[in-house]
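Let's take a friendly walk through a protein model together. Have a look at the chain first, and then we will start from the inside and work outwards.

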Amino acid sequence: MDQVIPWPQADAYVAPTTSETRLSQKEAPPSFDWVYRHCFVDVARWVRALGANDADIEDLTQEVFIIVRRKLDVFDGRNLPGFLYRIAQRTVRDHRRSAWFRNLLAKQAPLTDLVAPESSGFQTIHEREKRRVLESVLARMSEKRRTTFVLFEIEGYSGEEIAQIQSLPVKTVWTRLHHARKDFLRMVAELPSAQGEK
């Protein structure tokens with residue numbers, strides 16, 4: 001049975017620099033502990049960008065690292081972010097494919113976010129509605145464009161970093177981002193406006 005890996009505490013995580021996550025072609029694969037400590041938050045961000053629901057991000061990230069633990073000894077030491085990204089991509093894809101079955105078995109609606117005591121009811125509803133609209137627009141985009149858009153616009157990765165983790169030419173990243181922005185603006189423009197508000 002696979003070992004459950006604890007979710008790292010925010011203060012325990014030290015974000016890697018770009019040079020730390022990029023291994024040269026001649027370096028040996030790092031230890032699992034090093035990969036987990038330095039790459040966990042990035043992998044969680046990629047899982048989110050790949051379209052996972054917020055409620056599933058932690059579990060899917062844990063699944064990614066269970067697979068990483070099994071496969072790290074056959075990793076050739078080149079492009080660690082690309083290696084991790086491909087595992088995350090497959091894990092999220094498999095999760096989404098089986099979602100219809102889980103939804104069939106789950107008769108109850110998902111639990112809603114807990115409301116902070118200082119938040120007003122109106123403020124909470126407004127934030128949830130904005131998030132729902134954003135998620136519905138992103139869900140209508142192609143997976144490749146959406147992932148690039150979320151990684152760049154929301155998660156703050158550079159085009160070069162996205163190219164490395166997705167094992168793509170930088171020009172392809174910029175092309176996807178260009179088309180994703182156009183898609184996003186078009187879909188937002190197509191949203192029904194609140195005619196009653198002035």
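## The nonpolar core

The largest nonpolar core of this predicted model has 41 residues. Inside this core, the residues with the most contacts are V47, F65, V68 and L84. Which helices supply at least two residues each? They are helix 2 (32-49), helix 3 (57-71), helix 4 (80-97), helix 6 (121-140), helix 7, helix 8 (159-166) and helix 9 (170-190). Helix 2 gives the largest share, 10 residues.

V68 is a good residue to click on. Apart from neighbours within four places in sequence, V68 is in contact with F32, V35, F83, L84 and I87. Keep F32 in mind, as it will come back when we turn to aromatic rings.

## The chain as a whole

Now zoom out. The chain has nine helices and zero strands, so from the N terminus on you will read α-α-α-α-α-α-α-α-α.

How many residues does the chain have, and what percentage of them count as buried? There are 198 residues, and 34% of them count as buried. About 13100 Å² of the chain is exposed, with carbon and sulfur atoms supplying 55% of that area. The contacts tell us about the fold too: among those between residues at least 6 apart in sequence, 71% join residues at least 24 apart.

## Helix 9 and its two sides

Helix 9 lets us check a simple rule. With 1.5 Å a residue, its 21 residues should span 30 Å, and the end C-alpha atoms are indeed 30 Å apart, so the two values agree.

Which residues of helix 9 are buried? The list is V173, R176, L177, A180, D183, F184 and M187. Looking down the axis of helix 9, you will see these buried residues fall within an arc of 135°, which means that they line one face of the helix. Here is the background: an α-helix has 3.6 residues a turn, so residues three or four places apart point the same way.

The face turned away from the buried side of helix 9 carries the exposed residues K171, K182, L185 and A189. As for the buried residues of helix 9, what covers them includes helix 6, helix 7 and helix 8.

## Two threonines in helix 7

T147 sits in helix 7, which covers residues 143-154, and T148 is found in helix 7 as well. Are they buried or exposed? T147 counts as buried because its relative accessibility is 2%, under the 20% cut-off. T148 is buried too, with a relative accessible area of 0%.

Their contacts are worth tracing in the structure. Leaving out residues up to four places away in sequence, T147 is in contact with A49, L50, Y85 and Q166. With the same kind of neighbours left out, T148 touches I162, Q166, V173, R176 and L177. Among these contacts of T148 are V173, R176 and L177, which also belong to the buried residues of helix 9.

## Aromatic rings

The structure holds 10 aromatic pairs. One of them is F32 with Y36, a stacked pair with 5.9 Å from centre to centre and 25° between the planes. Both residues lie in helix 2, four residues apart, which is about one turn of the helix. Both F32 and Y36 are buried. Another pair is F152 with W174, which is edge-to-face, at 5.6 Å centre to centre and 80° between the planes. This pair links distant parts of the chain, as F152 is in helix 7 and W174 is in helix 9, 22 residues apart.

How accessible are these two rings' residues? F152 counts as partly exposed because its relative accessibility is 23%, and W174 counts as partly exposed at 35%. Back at the stacked pair, F32 and Y36 form one aromatic cluster with F40 and F65.

## Two loop residues with positive phi

Finally, visit two loops. N79 lies in the loop between helix 3 and helix 4, and it has a positive phi of about 50° although it is not a glycine.

S167 is in the loop between helix 8 and helix 9. Its phi is near 55°, a positive value in a residue other than glycine. Is S167 buried, partly exposed or exposed? With 43% relative accessibility, S167 counts as partly exposed.

Definitions and conventions: Residues are numbered from 1 along each chain as its sequence is written. This is a predicted model: local features need pLDDT of at least 70, side-chain atom pairs count only at pLDDT 80 or more; totals for chains, interfaces and linings use all residues. Side-chain values use heavy atoms; hydrogens and water are left out. Buried means under 20% relative accessible area, exposed over 50%, partly exposed in between (1.4 Å probe, protein chains only). Contact means heavy atoms within 4.5 Å. Accessible areas come from the Shrake-Rupley method with a 1.4 Å probe; for residues, only the protein chains shown count as cover. A nonpolar core is a set of buried Ala, Val, Leu, Ile, Met, Phe, Trp, Tyr and Cys residues joined through side-chain atoms within 4.5 Å. The expected span of a helix is 1.5 Å times one less than its number of residues. The arc is that of the directions from the helix axis to the C-beta atoms. Rings of Phe, Tyr and Trp (its six-membered ring) pair if their centres lie within 6.5 Å; planes under 30 degrees apart count as stacked, over 60 as edge-to-face and the rest as tilted.
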